[in-house]
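Thank you for making the time this morning. I would like to walk through one structure with you, taking strands and sheets to begin with and charged pairs afterwards.

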Amino acid sequence: MNVRAVAADVLFRVVDKGQSMSTLLPQALGKIKPRDHALLQEICYGSLRVLPRLEAIASELMDKPLKGKQRVFHHLILVGLYQLSAMRVAEHAAVAETVEATKDLKGPRLRGLINAVLRNYQRNKEALDAKAISFDAGKYVHPSWLLKLLKEAYPDQWQSIIEANNTKAPMWIRVNTQHNSVDAYLALLEQEGIAATKNAFAPHALLLEKPQDVRNLPGFEQGWASVQDAAAQLSAGFLKPHDDELILDCCAAPGGKTAHILELAPNAQVVAVDSDEQRLERVHDNFERLNISAQIICGDARYPQDWWQGEQFDKILLDAPCSATGVIRRHPDIKWLRRANDIEALADLQREIMDAMWQQLKVGGTMVYATCSITPQENVDQVKAFLSRTSNVQLELSDIEAPGLQILPGQDNMDGFYYAVLTKQA
């Protein structure tokens, strides 16, 4: 299929139908030639990063919006506008190929409209671009509810958070020290001409100077390294797993943190649970590549009695379902899929899971509460509330007035993440 047609369909399904790009993109890549994979990803991710600007420009250039069965062609126009405004594609090729995409989308009658809109943008680009960033949504390319939340929660940092959210995420890898030390693997990368640097906070993390196809990474298929942001790698460090322990990774899919636990404690008895059967398939795939094993269970973390009749756990990593507002730079569709009322609903779910998991933890055991969110409701406020209603808990490594560690997007080139370390008292 024409790559622009596929991109338009992905945008239509994300923006109009509320589907996740993480689910859609792997399917979409199968419809196009491998040489076009990078182009499809750039168009989809880039368009979603600056969606309000593209919408504003399209609105200026069209007498009336496309509706109903023609909505996918609205998104085809956005695809064309993104190429002309932000990509290094030759303008004549961007226009011609976008117009040609109407065939695969079964709308050849709209060729003239799409051609006219894109040509008009070319003629008036400077004025239209200026107008598109003259209002907050266009300037900051965040929904108003999220912009308001960030300004209230981070009055001194909200602009840097937004700037980080609107950039492309770097590529971090986690070195499997069962095979190589970090320094040894860094040397292997250098031999392949891949520049990377270590991280002061995540001891197994390497930041690649440029993103790479994983097939270029030494020993990737043999499990020598995995792709994982440095902030996510901190979870295993806070958990401090040991070989003789019974450890639960709660809400574990796709399994990166579970794998890290087993790389640090290969003889630990590890249980990985998640409620999403489809996402658990990725856990199996990751474990097969890394040649590791754990007990994998599909179950609802709120009701552990339905899936666990064993003894209490020495340690629990609770990587809670969250708004994912800390990883927007990796998943720009989050900005448009999330709604303000999602935060309260997620906080309620997190509270239920925390209380249920606490009952599964041994006295003297450790629970690490983690999210890839930056909203206080899901993080600091959530842990404060847990501390106030739970008598046998000790907060570690932080002050009770500001519990946990909040990493903001872009901080040391990491994703936004939150951690709180809790130990169970008698």
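Please keep in mind throughout that what you see is a predicted model. I will start at strand β11, residues 405-407, which pairs with β12 in the antiparallel sense over 3 bridges; within that pairing, Ile 407 has Phe 417 of β12 as its bridge partner.

Strand β12 has further partners. Strand β9, residues 361-371, pairs with β12 in the antiparallel sense over 6 bridges, and here Thr 371 finds its bridge partner in Tyr 418. Strand β10, residues 393-396, is likewise antiparallel to β12, over 4 bridges, with Val 393 matched to Lys 424.

How many of the residues of β12 are buried? The count is 8 of 8 for this strand, which covers residues 417-424. In a regular strand the side chains alternate between the two faces of the sheet. In β12, Phe 417, Tyr 419, Val 421 and Thr 423 point one way, while Tyr 418, Ala 420, Leu 422 and Lys 424 point the other way, and all of them are buried.

Let me turn now to an open sheet of 4 strands, whose order is β2-β3-β1-β4 and whose pairing is antiparallel. Because β2 (196-198) and β4 (225-227) stand at the edges with a single partner strand each, one side of each has no neighbour in the sheet. On average, and ignoring direction, neighbouring strands of this sheet are turned by 30° against each other.

Going through the pairs, β2 and β3 are joined by 3 bridges and run antiparallel, and they form a hairpin with 6 residues between them; in this pairing Lys 198 has Leu 206 of β3 as its bridge partner. Strand β3, residues 205-208, sends Ala 205 and Leu 207 one way and Leu 206 and Leu 208 the other way, and all are buried. Between β1 and β3 there are again 3 bridges, antiparallel, and Arg 174 is the bridge partner of Ala 205 there. Strand β1, residues 172-175, is also joined by 3 antiparallel bridges to β4, where Arg 174 stands opposite Ser 226. Helix α14, residues 256-264, lies across β1 and β4 and runs at about 30° to β1.

That leaves the charged side chains. Side chains of opposite charge can pair when their charged atoms come close. In this model the count comes to 22 salt bridges, and I will pick out a few.

One of them joins Arg 111 to Glu 100, at 3.4 Å from N to O. This pair links helix α7 (residues 111-123), which holds Arg 111, to helix α6 (residues 91-104), which holds Glu 100, the two residues being 11 apart.

Another brings us back to β2: Asp 183 forms a salt bridge with Lys 198, with the closest N and O atoms 2.8 Å apart. Asp 183 sits in helix α12 (residues 182-191) and Lys 198 in strand β2, 15 residues apart. Asp 183 counts as partly exposed, because its relative accessibility is 47%.

Finally, Asp 415 forms a salt bridge with Arg 330, where the closest N and O atoms are 2.7 Å apart. Asp 415 lies in the loop between β11 and β12, and Arg 330 in the loop between β8 (313-319) and α16 (334-337), 85 residues apart. Is Asp 415 buried or exposed? With a relative accessible area of 3%, Asp 415 is buried, whereas Arg 330, at 23%, counts as partly exposed. Salt bridges with shared partners join Asp 229, Arg 329, Arg 330 and Asp 415 into one network.

Methods. Residues numbered from 1 in each chain as written. Predicted model: local features only at pLDDT ≥ 70, side-chain atom pairs only at ≥ 80, totals over all residues. Heavy atoms only, no water. Buried < 20%, exposed > 50% of the residue type's maximum accessible area, 1.4 Å probe, protein only. Pairing = 2+ DSSP bridges. Axes fitted to C-alpha atoms, helices over the stretch in contact; angles between N-to-C directions. Contact = heavy atoms within 4.5 Å. Salt bridge = Lys/Arg side-chain N within 4 Å of Asp/Glu carboxyl O.
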